[in-house]
Each structure stands twice: as C-alpha cells, then as structure tokens.
Amino acid sequence: MTSSTHHHDTAPSAPSAPLEPAILERFAREVAKYPEAGKQSAVMACLSIVQQDEGYVSLQREREIAEYLGMAPIAVHEVTTFYNMYNQHPVGKFKLNVCTNLPCQLRDGVTALVHLEKKLGIKMGETTADGLFTLQQSECLGACADSPVMLVNDRTMCSFMTNEKLDQLVDGLRNAAPATKGEAS
C-alpha cells in the first residue's frame with residue numbers, strides 16, 4: 001500500500017454524464033450578465049460552477065463549456081491551466097497551496113513545503129491516500145511580508161506558517177474532517 005496517489009496533468013478518461021440542467025441554468029445566469037458578443041467573458045464563472053459541482057474541471061467539461069460559450073476548447077483550457085484555483089483532476093478535501101515564489105523562498109516557503117511533504121507523507125502535486133490532503137506549490141499569493149504563506153482550498157490565507165503552525169493546521173483539518181467508511185481498506 002502506498003501513502004499517496006499521484007495526480008499530474010491527466011484527467012480521468014471515463015466520460016461523465018452531460019451537464020445537468022441546473023448547471024446549465026447557472027451558466028445562463030452568468031452569460032446574461034454580458035452582451036451577446038461578450039458571452040465568452042463568463043468562462044471563469046462557468047469553470048467555477050463546474051468545479052463547485054464536481055470538485056475539478058475535466059477536459060470533457062472544458063469542451064462542454066467551450067461549446068456553450070462558442071469558444072475554441074483550447075481557449076477554455078488556457079484559462080483552466082493558467083489559474084491554479086481550477087483543479088484539473090480530483091483533489092483532496094483540503095487543497096494546500098504553499099507559496100514558493102522568491103520572497104517566500106527567502107523566508108522559509110520551501111521549508112514549509114518540505115515540512116508538509118514529510119508530515120503528510122506525499123510530494124508536491126500528490127494527494128494523501130485517505131483523500132484528505134492535496135499539496136501544491138503556488139505562485140505569489142500577495143502576502144510577501146507574511147511569509148511563509150499558504151492558501152487552503154483557494155479561500156483561506158494562512159500567514160507566518162512555522163512548522164508548529166503547519167502541524168496545528170494539518171492536525172486541526174484532519175480532526176475536523178468526518179471519518180469516511182472503509183478508510184482502513
């Protein structure tokens with residue numbers, strides 16, 4: 001048994017069911033905010049809607065969004081891959097993005113990343129076997145004076161993350177996560 005699952009740039013190959021009508025209705029509400037000629041401006045909102053619903057944005061969903069918005073699929077893929085807030089494969093319940101840009105590197109950003117790799121038993125870009133944590137490197141999070149910094153689930157900024165604070169964060173998240181059945185199998 002390995003302690004992690006590897007996820008890189010591949011999306012699951014099994015096709016998903018077509019987008020649900022409720023999702024298409026949410027797309028329509030976003031598109032309605034723009035003039036007809038500018039409906040492609042809703043691409044980020046549509047990607048976010050899919051990710052909220054499914055946890056990540058597959059290549060199939062990118063193609064469906066492109067068709068819905070009248071865009072080339074590569075144009076949607078470029079948006080998905082440019083921003084690290086879009087997951088291109090399933091991730092853990094807690095996605096930990098550690099800033100390793102130069103200012104954070106100079107203030108222990110890489111040390112924080114290495115500490116989390118050891119604590120979680122995974123390498124950057126991997127997900128723990130229990131599906132709780134995915135560890136990712138991040139570009140600048142705009143809080144250089146507070147480094148090392150990290151972002152949890154693309155929403156919660158954590159600053160001045162010493163090894164002790166990292167341990168407290170991970171332990172707290174682990175304890176807050178409901179136990180899943182069959183976890184020991």
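This passage describes the overall make-up of a predicted model, two of its helix pairs, and a group of annotated cysteines with a nearby loop residue in sequence order after them.

In the predicted model, the secondary structure comprises 7 helices and 6 strands. From the start of the sequence to its end, these elements follow the pattern β-α-α-α-α-β-α-α-β-β-β-β-α. The chain has 185 residues, of which 39% are buried. Among contacts in the chain with a separation of 6 or more, 63% are accounted for by residues 24 or more positions apart.

Two helix pairs were examined. In one pair, helix α1 (residues 21-31) packs with helix α2 (residues 43-54), their axes being 9 Å apart and the angle about 155 degrees. Because this angle falls in the range over 145 degrees, α1 is roughly antiparallel to α2. The crossing of these two helices is right-handed. On the α1 side, the contact is formed by I23, R26, F27 and E30, which meet A45, C46, I49, V50, Q52 and D53 of α2. By class, the residues of this contact divide into 6 nonpolar, 1 polar and 3 charged.

In the other pair, the axes of helix α3 (residues 59-69) and helix α4 (residues 73-82) come within 8 Å and cross at roughly 125 degrees. The two helices are therefore oblique to each other. Here, too, α3 passes α4 in a right-handed crossing. Helix α3 contributes L59, E62, R63, I65 and A66 to the contact, and α4 contributes P73, V76, H77 and T80. This contact of α3 with α4 contains 5 nonpolar, 2 polar and 2 charged residues.

Attention then turns to the annotated positions. An unreviewed UniProt entry lists C99, C104, C140 and C144 under "binding site". Although these positions are spread over 46 residues of sequence, they cluster in space, with a largest C-alpha distance of 9.1 Å. Two of the listed residues, C104 and C144, are described here in detail.

C104 is placed in helix α5 (residues 102-106). Its relative accessibility is 1%, and C104 therefore counts as buried, the cut-off being under 20%. Beyond residues up to four places away in sequence, C104 touches C99, G109, S147, P148 and V149. One of these partners, C99, is itself on the list in the UniProt entry.

C144, by contrast, is located in a loop, between β4 (133-138) and β5 (150-152). With a relative accessible area of 31%, C144 is partly exposed. When neighbours within four places in sequence are left aside, C144 is in contact with P103 and R107.

R107 also appears among the contacts of F160. F160 is found in the loop between β6 (156-158) and α7 (163-176). Its relative accessibility of 41% is the reason why F160 counts as partly exposed. F160 and R107 are separated by 53 residues in sequence, yet their C-alpha atoms are 9.2 Å apart in space. Apart from neighbours within four places in sequence, the contacts of F160 are R107, A145, D146, S147, P148 and K165. S147 and P148 thus recur in the description, as they are touched by C104 and are in contact with F160, while R107 is in contact with both C144 and F160.

Notes
Residues are numbered from 1 along each chain as its sequence is written. This is a predicted model: local features need pLDDT of at least 70, side-chain atom pairs count only at pLDDT 80 or more; totals for chains, interfaces and linings use all residues. Side-chain values use heavy atoms; hydrogens and water are left out. Helices (H or I, at least four residues) and strands (E, at least two) are DSSP runs, numbered from the N terminus. Buried means under 20% relative accessible area, exposed over 50%, partly exposed in between (1.4 Å probe, protein chains only). Contact means heavy atoms within 4.5 Å. Axes are lines fitted to C-alpha atoms, for helices over the stretch in contact, and angles run from 0 to 180 degrees between N-to-C directions. Angles under 35 degrees count as roughly parallel, over 145 as roughly antiparallel, 65 to 115 as roughly perpendicular and the rest as oblique. A crossing is left-handed if the near helix is turned anticlockwise from the far one by less than a right angle, and right-handed if clockwise. Ala, Val, Leu, Ile, Met, Phe, Trp, Tyr, Cys and Pro count as nonpolar, Asp, Glu, Lys and Arg as charged, and the others, Gly among them, as polar. UniProt positions are given in the numbering used here, feature names are shortened, and annotations may be inferred rather than shown by experiment.
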